[in-house]
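Me: Got a minute to go through this one with me? I'd like to start with the ligand.

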Amino acid sequence: MSKPTTPGNSRRRFLAGAAATTGLVAASSFVPTRFAIGAKAPVKIGILLPYSGTYAMLGESITNGMKMRIEQAGGMLAGRAVEYVAIDSEMSVPKAPQNTKKLMSKEKADFIVGPVHSGIAAAMSKIVGARKSPIMIVPNAGHNGITGELCAPNIFRTSFSNWQPAFPGGKVMADDGHKTAVTISWKYGAGIQMMGAGKAAFEANGGKVIKEILMPFPDVEFQAYLSEIAALKPDAVFSFFSGGGAIKFVKDYAAAGLKETIPLYGPGFLTEGVSKAQGAAAEGIRTTLHYAANLDNPANKAFRAAYISAFGDKPGPNVFSVQGYDAGSLLLQGLAAVGGDTGATGDLIAAMESATFADSPRGFWKMSKAHNPIQDIYLREVKDGVNLVKGIAAKALEDPATGCKMG
Ligand code: PHB
């Protein structure tokens with residue numbers, strides 16, 4: 001189904017309290033100066049995210065977070081109403097060009113927000129990055145190339161590059177005293193790049209990866225691979241799975257009897273938004289990510305309370321909704337700077353480049369020259385079903401942006 005849809009929770013609009021409107025824009029007092037009178041049409045946001053399959057929870061969380069941020073600022077972008085048009089990506093790379101073009105040409109979206117999946121991100125950015133507009137905001141997909149060789153002035157990311165949470169994870173595994181490891185993930189951009197970054201850091205710190213397992217995306221038949229790991233007896237396992245696949249992997253890993261003998265590590269997606277569903281199998285797993293549930297900053301506390309009151313606690317606030325929330329902040333700041341004139345692409349891009357995220361639930365971050373967050377990566381550990389912060393694994397980490405010719 002690639003028809004524009006209204007994702008489940010979008011109907012759950014909520015009225016933010018007056019205090020929340022003191023944020024970045026006093027929407028109603030904004031006087032658009034640049035576009036013709038009568039052109040005060042809604043700002044159209046085209047969304048391409050998964051609302052079905054193993055990443056459905058991610059797409060839903062991002063959508064909720066972004067809408068919540070904009071609602072908190074009065075539901076407008078620089079005085080203009082907002083219209084959302086969402087397409088279920090179905091995590092299909094072959095359908096990505098057609099879906100992207102539909103949002104650009106048929107829907108005439110001013111912004112495109114998406115995707116979750118690295119392969120789709122590469123396909124989308126080849127199309128969007130070849131033009132001056134629209135502006136694309138990536139609220140999850142980590143493909144290194146998006147802010148590397150595929151970088152473009154009109155592409156921004158509010159999430160991470162695959163290298164960012166994975167590289168510090170490899171070092172943590174070595175620092176914990178492990179000498180040998182097996183990596184296991186799905187065989188596509190995200191899995192390949194995250195496992196590569198984790199391996200590089202592990203080996204730079206004295207470890208050795210003895211086997212790299214890549215299985216087809218989004219398969220969840222882990223049994224044969226778990227038997228292989230049991231036979232190889234590495235000190236540790238480094239892994240990327242996410243969403244529904246991560247729930248099953250972590251449970252199967254424990255059920256195979258490996259949890260007690262071969263500790264599991266990885267970028268925090270392994271337990272993010274799914275740790276409650278994983279139950280006892282997730283307890284004690286140490287991961288690295290740019291967010292943790294109990295980050296002790298006022299923005300995080302306010303964000304979590306507002307999210308739970310609007311959307312409930314299943315799965316509740318997580319890194320994906322934070323990334324969506326920050327995409328909302330980026331839109332608010334960009335449009336405020338140009339008085340709502342979506343046609344002022346150059347000024348809009350300049351404003352988005354200098355946007356600040358002092359009020360992000362993940363803690364302060366800013367955009368790199370390649371349009372990717374420079375951010376802290378936290379070490380976390382699951383306790384009673386919650387990803388708790390244990391420390392900072394890497395401070396203000398910036399992706400190397402290899403191959404990006406911009407900036
Ligand atoms: C990706 O495909 O880039 C991706 C998907 C899910 C995640 C992280 C990265 O949790």
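Me: Where does the ligand lie, and why there?
Reply: This is a predicted model. Domain 1 (42-160 + 297-374) and domain 2 (163-289) both give residues to the shell around the ligand, so the ligand lies between them.

Me: How many residues surround the ligand, and which are the closest?
Reply: 17 residues surround the ligand. The closest are Val116, Ser118, Gly142, Tyr188 and Ser242.

Me: How does that shell divide into nonpolar, polar and charged?
Reply: There are 11 nonpolar residues and 6 polar ones. No charged residue is in the shell.

Me: OK, polar contacts. What lies 2.6 Å from an oxygen atom of the ligand?
Reply: A polar side-chain atom of Tyr188. Backbone atoms take part too: an N or O of Gly142 is 2.9 Å from a ligand oxygen, and a polar backbone atom of Val116 is 3.4 Å from one.

Me: And how much of the ligand does the protein bury?
Reply: The protein buries 100% of the 280 Å² that the ligand exposes when taken alone. The ligand sits in the largest cavity.

Me: Switching to the backbone. Which peptide bonds are cis?
Reply: One is Gly114 to Pro115, with omega near -5°. Pro115 lies in the loop between strand S5 (111-113) and helix H3 (118-128). Another is Ser133 to Pro134, with omega near 0°. Pro134 is in the loop between H3 and strand S6 (135-138).

Me: What about phi at His371?
Reply: His371 has a positive phi of about 70°, although it is not a glycine. Most residues other than glycine have a negative phi. His371 lies in the loop between strand S13 (366-367) and strand S14 (373-383).

Note on methods:
Residues numbered from 1 in each chain as written. Predicted model: local features only at pLDDT ≥ 70, side-chain atom pairs only at ≥ 80, totals over all residues. Heavy atoms only, no water. Near = heavy atom within 4 Å. Polar contact = N/O pair within 3.5 Å; in protein donor to acceptor, adjacent residues only side chain to side chain. Areas by Shrake-Rupley, 256 points an atom, 1.4 Å probe, with all protein chains shown as cover. 1 Å grid on protein atoms, 1.4 Å probe; cavity = no way out; pocket = protein on both sides within 12 Å on 5 of 7 lines; lining within 4 Å. Sits in = over half its atoms within 2 Å of the grid points. Nonpolar A, V, L, I, M, F, W, Y, C, P; charged D, E, K, R; others polar. Domains from an automatic or database assignment. Helix = DSSP H or I, 4+ residues; strand = E, 2+ residues; numbered from the N terminus.
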